[in-house]
Amino acid sequence: MIPFIEKVLGDYLRGRSDVSAITGTRVATKTPPTLDDPWIRITLLDDPPVGKSTADHLIAFYADIECFAGRKGSRSEANLLARTVRAALGEIKDGEYTETVISGARVEGSRPRPDTIFEPTMDRYIVTATIWAHAAVGAS
Amino acid sequence: MFRLNARLANELENEVAYRLRLAEVGHKVADRVRAHDVMRTKNKDKIVVVADGDDVLVGNTDHGAHLDEWGSVNNPPSAPLRTSVRAAGLRLDEHGK
């Protein structure tokens, strides 16, 4: 089966000391229960197979990685979190994974998108990335 | 002898047939956006296709469009515009012009 990329990516980012120094363990696919401190939300937007092969093996996972500043945070902190995530994505294929092989990753874009639901607006950067991955040999 | 036409891309872009085809592709992208799951209850007339000079623009003028595309604390992004462009077989350049 194809990798559960949201878990793989979440585990990877939480395991990075540069990311956890900012977010702690607040890297998930949903909004955390408290909103004062920075957090990351990962959303898978698309997962097409690569090329024209009919094999559902190598996948180009396309995801948004939202870097929220938190109520107490500022734009510069959201920006730092986004740049830290970008740097982490640059090294993701060198990580160790038990059931997944990551061939590479590319940051498609990174832009400020403050969350206007909040009053005052909460700073947020969204990093969009493509991650190429497939199941490791022998993985279920 | 073959001589490369360095201006080929520009010349093609000025062809009427090219512009018509580009507009067709824009409408196909718009159709995909309208069919996007998150937007089923939304006003489909909010999805617009505009020919603007050399460009064809596809946009969502709904007041909540930014929430669908980019999400917020209450909802993750569903990215109807971005995913529809990709699903149409186009290459999405997120850096823009």
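The following questions and answers explain the terms applied to this predicted model. Local features need pLDDT of at least 70 and side-chain atom pairs count only at pLDDT 80 or more, while totals for chains, interfaces and linings use all residues. Residues are numbered from 1 along each chain as its sequence is written, chains are lettered from A in the order in which they are written, and side-chain values use heavy atoms, without hydrogens and water.

Q: Why is Leu8(B) called partly exposed?
A: Buried means under 20% relative accessible area and exposed over 50%, with partly exposed in between (1.4 Å probe, protein chains only). Leu8(B) has a relative accessible area of 45% and is therefore partly exposed.

Q: What makes the contact between Arg111(A) and Glu94(B) a salt bridge?
A: A salt bridge is a side-chain nitrogen of Lys or Arg within 4 Å of a carboxyl oxygen of Asp or Glu. The side chains of Arg111(A) and Glu94(B) meet at 2.5 Å, N to O, so the definition is met. Across the interface of chain A and chain B, the rule finds three salt bridges.

Q: What area do chain A and chain B bury between them?
A: Buried area is the accessible area (1.4 Å probe) that two parts lose on being put together, summed over both. For chain A and chain B this is about 1600 Å², 50% of it on carbon and sulfur atoms. In chain A, Leu45(A), Tyr62(A) and Ile117(A) lose the most area to chain B, together 29% of what that side buries.
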